[in-house]
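Reader: I should like a close look at a single part of this model, beginning with one strand and its pairings. Please then follow the description outward to whatever can be said of the surrounding strands, helices and aromatic rings.

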Amino acid sequence: MADFDFALGENADMIRESTARFAADRIAPLAAEIDAKDWFPRELWPEMGALGLHGITVEEESGGLGLGYLEHVVAQEEVARASASIGLSYGAHSNLCVNQIRRWANAEQKAKYLPKLISGEHVGSLAMSEAGAGSDIVSMKLKAEKKGDRYILNGTKFWITNATYADVLVVYARTGEGAKGLTTFLIEKDMKGFSIGQKIDKMGMRGSPTAELVFDDCEVPEENIVGPLNGGVGVLMSGLDYERTVLAGIQLGIMQACLDTVIPYVRERKQFGKAIGTFQLIQAKVADMYVALNSARAYVYAVAKSCDAGRTTRFDAAGAILLASENAMKVAMEAVQALGGAGYTKDWPVERYMRDAKLLDIGAGTNEIRRMLIGRELIGA
């Protein structure tokens, strides 16, 4: 399929080419097994690190590529095109964890944690959500109490991507009251009192491990605070625009994967003595899928460029992932429909694309929250 040239620049084009080649060779052949077995292929992480994928937005002096969110979106898109579940884990690692450390950690913390995260020797994660605190982040209850030169954490986190494999986690905990009483901590998997709770079995994004975190008198050194004490809401909120923008690349990848499957199929599948791609209703489906993908690409790429220029808006970051997520669901459902009975079987990947696409209607803020945020910001309510 011919691609529209968005003129993203030489760096983005090089990232796309190298990532697409790696994803086709190393990720795509594993995608069905990853989904069927809910298997996270940990061995891919150092290989992705060798390509520079984990540190795209990290400055060169800290071991990264020193590029921007646009290049990160492009890499995210190509990884997810091969496997959306690996794309989700990649986004949680490279953006939610690595990029937050890049933006907020001090020099000592960066020197300690970034090298192994960027190389892929370590897996990263971010823990915000709790069983009773999702969109309402201020209601989180994980408590951190100061005791000498340490903080003692007690409570749980839930719905945490990469939890079961994470070596380093960016964790938000309560150190005071209300919105001004949250603090960001760096947690290592071997810290005393920290453990992994139940693993969550999901409808889609299988192979991207999701689990509960348990803190039972977990001892965290004071020097593991990231950003200001009681300034966790600022740290968290400042990262959401970048998180939404980069994760929108997952949905772009899913839509492209749908077209990668549907177009060859309708060229070859025959009914009434003709390839079904000659039927106008099928052509209309393919046209709608293509327009949905490229309209979402245009918005997501534009917002990523704005992030790089330091002039993004919260409502546009929310708008980009809103459009991408809803378009991806429509495209995935059309892909299933275009394949007919075959699309409803596990012999073809489109049913997986549909299950995977649903997550980002919910994750990184539900579409209802995104609409509320956009409307409130535009109206000034």
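**Strand β7 and its surroundings**

Author: In strand β7, A211 is the bridge partner of K199. The model is a predicted one, and the description below should be read accordingly. K199 belongs to strand β6, residues 194-199, which runs antiparallel to β7 and is joined to it by four bridges. Strand β7 itself spans residues 210-221 and is also paired with β3, residues 150-161; nine bridges join these two strands, again in the antiparallel sense. One position that illustrates this second pairing is K157, which stands opposite L213 of β7.

Residues 158 and 159 follow K157 and provide an aromatic contact. F158 and W159 form an edge-to-face pair, with ring centres 4.9 Å apart and 75 degrees between the ring planes. Is F158 buried or exposed? Its relative accessibility is 15%, and F158 therefore counts as buried, since the limit for burial is set at under 20%.

Beyond β3 the chain enters a loop that leads to β4, and N162 lies in this loop. Most residues other than glycine have a negative phi. N162 is not a glycine, yet its phi is positive, at about 70 degrees. The residue is also buried, because its relative accessible area is 0%.

Strand β4 leads the account to β1. These two strands pair in the parallel sense over four bridges, and within this pairing A127 stands opposite V171 of β4. In a regular strand the side chains alternate between the two faces of the sheet. For β1, residues 124-127, both faces are covered: G124 and L126 are buried on one side, and S125 and A127 are buried on the other.

The loop after β4 offers a contrast in accessibility. K180 is placed in the loop between β4 (168-174) and β5 (182-188). With a relative accessibility of 72%, K180 counts as exposed, the threshold being over 50%. The C-alpha atom of K180 is separated by 43 Å from that of A36, a residue 144 positions away along the chain.

A further residue with positive phi is found in another loop. F272 is placed between β9 (270-271) and β10 (274-275), and its phi is near 55 degrees although the residue is not a glycine. Whereas N162 is buried at 0% relative accessible area, F272 has a relative accessible area of 79% and is therefore exposed.

The helices may be considered next. Two packed helices are described by the angle between their axes and the distance between the axes. Helix α7, residues 232-268, and helix α9, residues 314-339, have axes that come within 8 Å and cross at roughly 20 degrees. The two helices are therefore roughly parallel to each other, an angle under 35 degrees being the criterion. Their crossing is left-handed. The contact of α7 with α9 comprises 18 nonpolar, six polar and three charged residues.

Helices α5 and α6 provide a second packing arrangement. The axes of α5, residues 84-104, and α6, residues 107-119, come within 10 Å and cross at roughly 155 degrees. This pair is therefore roughly antiparallel, as the angle is over the limit of 145 degrees. The crossing of α5 with α6 is left-handed.

Helix α7 also takes part in an aromatic contact. The structure holds nine aromatic pairs. Among them is that of Y69 and Y242, whose ring centres are 4.4 Å apart and whose planes lie at 5 degrees, so the pair is stacked. This pair links distant parts of the chain, for Y69 is in helix α4 (residues 69-82) and Y242 is in α7, the two being 173 residues apart. Both tyrosines, Y69 and Y242, are buried. Elsewhere, F4, F6 and Y301 form one aromatic cluster.

One further residue of α7 deserves mention, namely L247. Its relative accessible area is 4%, and L247 is therefore buried. Its C-alpha atom and that of L378 are separated by 23 Å, the two residues being 131 positions apart along the chain.

Terms used: Residues numbered from 1 in each chain as written. Predicted model: local features only at pLDDT ≥ 70, side-chain atom pairs only at ≥ 80, totals over all residues. Heavy atoms only, no water. Pairing = 2+ DSSP bridges. Axes fitted to C-alpha atoms, helices over the stretch in contact; angles between N-to-C directions. Parallel < 35°, antiparallel > 145°, perpendicular 65-115°, else oblique. Left-handed = near helix turned anticlockwise from the far one by under 90°. Nonpolar A, V, L, I, M, F, W, Y, C, P; charged D, E, K, R; others polar. Phe/Tyr/Trp six-rings, centres within 6.5 Å; stacked < 30°, edge-to-face > 60°. Buried < 20%, exposed > 50% of the residue type's maximum accessible area, 1.4 Å probe, protein only.
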